[in-house]
Amino acid sequence: MGKRRYKTVSGTGLVIMRWFWNVIASIRRWWADRRRRHAFGPTVVLDSATDPARELAAGKLVLVGTAEKQKWLRFKCPCGCGDVMALNLMAAHCPHWRAERHDDGSLTVHPSVDSDNCGSHFWIRRSKIYWV
Ligand SMILES: [Zn+2]
């Protein structure tokens, strides 16, 4: 009798534990999602001599170079880790990305961005962020 009762308690305990971990997992997911950005601000073009810190902090996409010759795309990692990313846009160097500017000023980037630092993986399409 005592043995049976013990089993029942431990089973209930397991269910509560599982429920508890599910709650923790969904809070963590919600928190990660809250920290993540889902869109970038406007695109700005700066020459390499200009310090982009203010634009980066504002969540803008910073094209470094000239309108004809883009060299880098810099932005703050949208996961909230604080990392500043720099994608090489010069085809002569590897790896490189292609940034396409749309009429409304938004930006599409090929291929997707995969960060070794924080594990973020996302696409940028029309300055919106699509998490993978
Ligand atoms: Zn990050």
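A residue is taken as buried if 20 or more other C-beta atoms lie within 10 Å of its own, as exposed if 12 or fewer do, and as partly exposed in between. This criterion is applied below to a predicted model, beginning with two residues of unusual backbone geometry.

Ser127 has 21 C-beta neighbours inside 10 Å and therefore counts as buried. Although Ser127 is not a glycine, its phi is positive, at about 65 degrees. The residue is found in the loop between β7 and β8. Arg126 lies in the loop between β7 (121-125) and β8 (128-131) and likewise has a positive phi, of about 50 degrees, without being a glycine. The burial class of Arg126, however, is partly exposed, because 13 C-beta neighbours are placed inside 10 Å.

The strands that flank this loop, β7 and β8, are paired in the antiparallel sense over four bridges. Within this pairing, Trp123 stands opposite Tyr130 of β8. Both strands belong to an open sheet of four strands, ordered β5-β6-β7-β8, in which the pairing is antiparallel. The edges of the sheet are formed by β5 and β8; each has a single partner strand, so one side of each is left without a neighbour in the sheet. From one strand to the next, the twist averages 20 degrees.

A further open sheet of four strands follows the order β1-β2-β3-β4, and its pairing is mixed. Here β1 (43-46) and β4 (84-88) occupy the edges, and because each has a single partner strand, one side of each lacks a neighbour in the sheet. Neighbouring strands of this sheet are turned by 25 degrees against each other on average, direction ignored. The strands β1 and β2 (residues 61-65) run parallel and are joined by four bridges. In β2, Leu63 is the bridge partner of Val45.

The largest nonpolar core comprises 10 residues, namely Phe40, Leu61, Val62, Leu63, Leu73, Phe75, Leu107, Val109, Phe122 and Ile124. At least two residues of this core are supplied by each of β2, β3 (70-76), β6 and β7. The greatest contribution comes from β2, which gives three residues. In soluble globular proteins, nonpolar side chains tend to be buried together. Leu63 thus appears both as a member of this core and as the bridge partner of Val45. For Val109, another core member, the contacts beyond four places in sequence are with Leu73, Leu87, Trp97, Ala99 and Ile124. Of these contact partners, Leu73 and Ile124 are themselves listed in the core.

Two cis peptide bonds that precede proline may also be described. The bond from Cys94 to Pro95 is cis, with omega near -10 degrees, and Pro95 is found in the loop between β4 and β5 (98-101). His110 and Pro111 are likewise joined by a cis peptide bond, for which omega is about -10 degrees. Pro111, by contrast with a loop position, lies in strand β6 (residues 107-114).

With regard to overall organisation, the protein chain is divided into domain 1 (1-35) and domain 2 (43-131). The C-alpha centres of domain 1 and domain 2 lie 42 Å apart.

Note on methods: Residues are numbered from 1 along each chain as its sequence is written. This is a predicted model: local features need pLDDT of at least 70, side-chain atom pairs count only at pLDDT 80 or more; totals for chains, interfaces and linings use all residues. Two strands pair if DSSP finds at least two bridges between them. Axes are lines fitted to C-alpha atoms, for helices over the stretch in contact, and angles run from 0 to 180 degrees between N-to-C directions. Domain bounds come from an automatic or database domain assignment. A nonpolar core is a set of buried Ala, Val, Leu, Ile, Met, Phe, Trp, Tyr and Cys residues joined through C-beta atoms within 7 Å. Two residues are in contact if their C-beta atoms, placed from the backbone, lie within 7 Å.
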